[in-house]
Amino acid sequence: MSPHRIFLSVITALICLQASAGGRFESVSWLPVDKVRKRAKVVLLDKTPSTPTVNIAVKELQKYWDGPEVRLGISASESLPADDGYTIARDADNGVSISSRSALGLLYGTYDLLRNPDFEGTVREKPFYKHRILNHWDNLDGTIERGYAGKSLWRWKELPDRLSPRYQEYARANAAIGINGTVINNVNASPKTLSREYLVKVAALADIFRLYGIRVYLSVNFASPMVLDSLPTADPLDPAVIKWWERKADEIYSLIPDFGGFLVKANSEGQPGPMDFGRSHADGANMLAKALKPHEGIVMWRAFVYSPIDADRAKQAYMEFQPLDGKFDPNVIIQIKNGPIDFQPREPYSPLFGAMPVTDEMAEFQITQEYLGHSNHLAFLAPMWTEFFRYVNPASLKAIAGVTNIGDDANWTGHPLAQANWYAFGRLAWNPALTAREIAGDWITKNLVDISKTPVGVVESLIDMFTTSHEAVVDYMMPLGLHHIFAYGHHYGPEPWCDVPGARADWLPKYYHRADSAGLGFDRSPSGSNAVEQYPEPLRSQLADMSTCPEEFLLWFHHVPWDRRLSSGRTLWEELCLSYQKGCDAVEDYEKVWKEARPYIDPEVYADVRERLATQSRDAKWWRDACLLYFGQYSGMPLPKGVDKPAHSLDYYEKVKLPISNYECPSPKLLDSVR
Ligand code: BDP
């Protein structure tokens, strides 16, 4: 090594040391921490090759495991779980054996053991889904669409020569929760991603991620052949276009032999696609699938489309995709957002799930909180995702994707507690049968507090806070099935009154809430848009009838009279008001819970979250007051007892305009200054 390089690496090491000496969350919270006790012995059993991945497992154990001897063994035995699964068992002499059919399985088992040193009996684990994938909406200029934790982790200008230590940390954090794929760029994809210049950079990331069992995928722009190589068309049936993609796939695989495949947003929100050339989604997806097939790559083709083929946006994706069932190649998976509209605080599941029986389907969750208070609000999302699995049989899906909340902020996710959402996503992709409470309990007791020093009551309150937090956000933003009444563009605050001349009607709140003097909500019953017909029986009939529709989806499916009595005996108006109030009260309670937990929490994390909870509490009231004043104009009814009076007039709230873009999370001070 030249003296110059030695100098550089010493400086890098010093910087890393400094970074990790700061607040606890500067390292991903679930990664093992150094206990500095006596190191245990790690042994590779017979015939277990010391591959790079096995070596990582050995090093992690040597560094962080302080229990009895660990034996790592790879064997082809059919009694071991398949698909990178593993077993962990205690041997007669008290040593611990981790066994797997694969090196990656050993690494997964290693992280499991480090997380659960006190396991009982024999642990047998295998992932439920083959593909457990993060979707980054990162742009090549470093911004992140709907990202609220700083800039992109990927430093494109430095790649491929300089490799940030965070790339490896990212890979470790993901491997530790079983994530095995990452789409590193935005679905609104720049064609430049597929240029040689960028592919070489992508390959440098893939070289690091591979060791941790993480495959790299790319979002591709369907018009890439036109933009990059001036082809006159991107028609998927054109021989020159087909050849272009075949050559591009060959080029990618020559650089990244285990490349995962493509994610495609086509003919959606202005993105190019096969329909621009008179072809179908299936034509487009299959053309790409054929180019990837010789290399065993896959195409994840998104069903997030809403061409106005029906007056109700909620019906459009189903109408466009369902008739294509059976037309896709076997290495195409249709990636569908959990709900039929767009990651709203609560949505019923998208009826496309299960409606394409011979087509592979995967779910897309949003981990980043575009519609849930960005990184200012606490919203633990496992309850939302487990609710989805109550309606959609996990076995009907082939894969799970999550739009990540990761950025280059020191704590990775902006809100320190939002690391728990990244964690929950990985855990549920591995095992969708886990409950939100189990995951919250696990994360809190292993990462947030030291369980041996924290009173049970405090731990329980924290778990309650996590598991109720998503519902609280729903309550103070859009209770009872309301949806999309956000401020235009940035989707942070309330704007049920919003009108933007020239904007698509289905980007505006009034399209969704339909408030008038008769009532509130979107009639999707047979007397309205009849979106309910896309759901299978008996759910269809249940949703279609106002008196049997689950109340959390009431205003999603019905236009409900203000004075209609709900199951509580209260009128819709009263229930609406009390829901908003309930959401506000919940956040005030969280502030108390947090205060009580103070002695048991890292001081930096404590102070950071305390501030964010104060912001959340203010925002909750802003939502409540603005929405109730606005809807009150239509109901003409007074606020019921128990609901706080709004602090300002409707006119005041209507004038609030946040000067923020899609890429920023409003700071508390900024919020103060505009309100
Ligand atoms: C919406 C976002 C937009 C994304 C789009 C998508 O507002 O920024 O590009 O989803 O998923 O939720 O493609």
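Between which strand and which helix is the loop that holds threonine 571 found? The tour returns to this residue at its last stop.

**Before selecting anything**

The model is predicted: local features need pLDDT of at least 70, side-chain atom pairs count only at pLDDT 80 or more, and totals for chains, interfaces and linings use all residues. Residues are numbered from 1 along each chain as its sequence is written, and side-chain values use heavy atoms, with hydrogens and water left out.

**The whole chain**

Display the full chain as a ribbon. The chain has 20 helices and 15 strands; these are DSSP runs numbered from the N terminus, helices being H or I of at least four residues and strands E of at least two. Along its principal axes, the C-alpha trace spans about 75 × 70 × 50 Å. A compact globule of 675 residues would have a radius of gyration near 26 Å, and the chain agrees with its 26 Å. That radius is taken over C-alpha atoms, and the globule rule is 2.2 Å times the number of residues to the power 0.38.

Next, colour the residues by accessibility. Buried residues make up 60% of the 675, where buried means under 20% relative accessible area, exposed over 50% and partly exposed in between, with a 1.4 Å probe and protein chains only. The accessible surface comes to about 26400 Å², of which 53% belongs to carbon and sulfur atoms; the areas come from the Shrake-Rupley method with a 1.4 Å probe, and for residues only the protein chains shown count as cover.

Among contacts with a separation of 6 or more, 73% are between residues 24 or more positions apart. Contact means heavy atoms within 4.5 Å.

**Helix 2**

Select residues 52-64, which form helix 2. The 13 residues of this helix should span 18 Å at 1.5 Å a residue, and the end C-alpha atoms are indeed 18 Å apart. The expected span is 1.5 Å times one less than the number of residues. Buried residues of helix 2 include Val54, Ile56, Leu61 and Tyr64. To see what covers the buried residues, add strand 1 (42-44), strand 2 (70-74), helix 3 (103-115), helix 4 (165-175) and helix 5 (196-210), which are among the covering elements.

**Helix 4 and helix 11**

Keep helix 4 on screen. This helix is mostly covered, with nine of its 11 residues buried; Arg166, Tyr167 and Glu169 are among them. The buried residues of helix 4 pack against helix 2, helix 3, strand 6, strand 7 (181-183), helix 5 and helix 11 (419-430).

Move on to helix 11. Its 12 residues reach 17 Å from the first C-alpha to the last, close to the expected 16 Å. Because 12 of the 12 residues are buried, helix 11 is largely enclosed by the rest of the structure. Trp422, Tyr423, Arg427 and Trp430 are among the buried residues.

**Backbone points of note**

Most residues other than glycine have a negative phi, and most peptide bonds are trans. The next four selections depart from these patterns.

- Select leucine 159 and proline 160: the peptide bond between them is cis, with omega near 0 degrees. Proline 160 lies in the loop between strand 6 (131-135) and helix 4.
- Select glutamate 537 and proline 538: this peptide bond is also cis, with omega near 5 degrees. Proline 538 lies in the loop between strand 14 (519-520) and helix 15 (539-544).
- Select asparagine 530, found in the loop between strand 14 and helix 15. Phi of asparagine 530 is positive, near 60 degrees.
- Select aspartate 83, in the loop between strand 2 and strand 3 (86-90). Aspartate 83 has a positive phi of about 55 degrees and counts as partly exposed at 48% relative accessibility.

**Glutamate 387**

Select glutamate 387 in helix 10 (residues 382-391). Glutamate 387 counts as buried, at 12% relative accessibility. Leaving aside neighbours within four places in sequence, glutamate 387 is in contact with Arg346 and Phe553. Add alanine 436, which is 49 residues away along the chain: the two C-alpha atoms are separated by 9.4 Å.

**Last stop: threonine 571**

Threonine 571 is found in the loop between strand 15 (560-561) and helix 17 (572-597). Threonine 571 is buried, with a relative accessible area of 7%. Apart from neighbours within four places in sequence, threonine 571 is in contact with Trp562, Asp563, Arg564 and Arg565.
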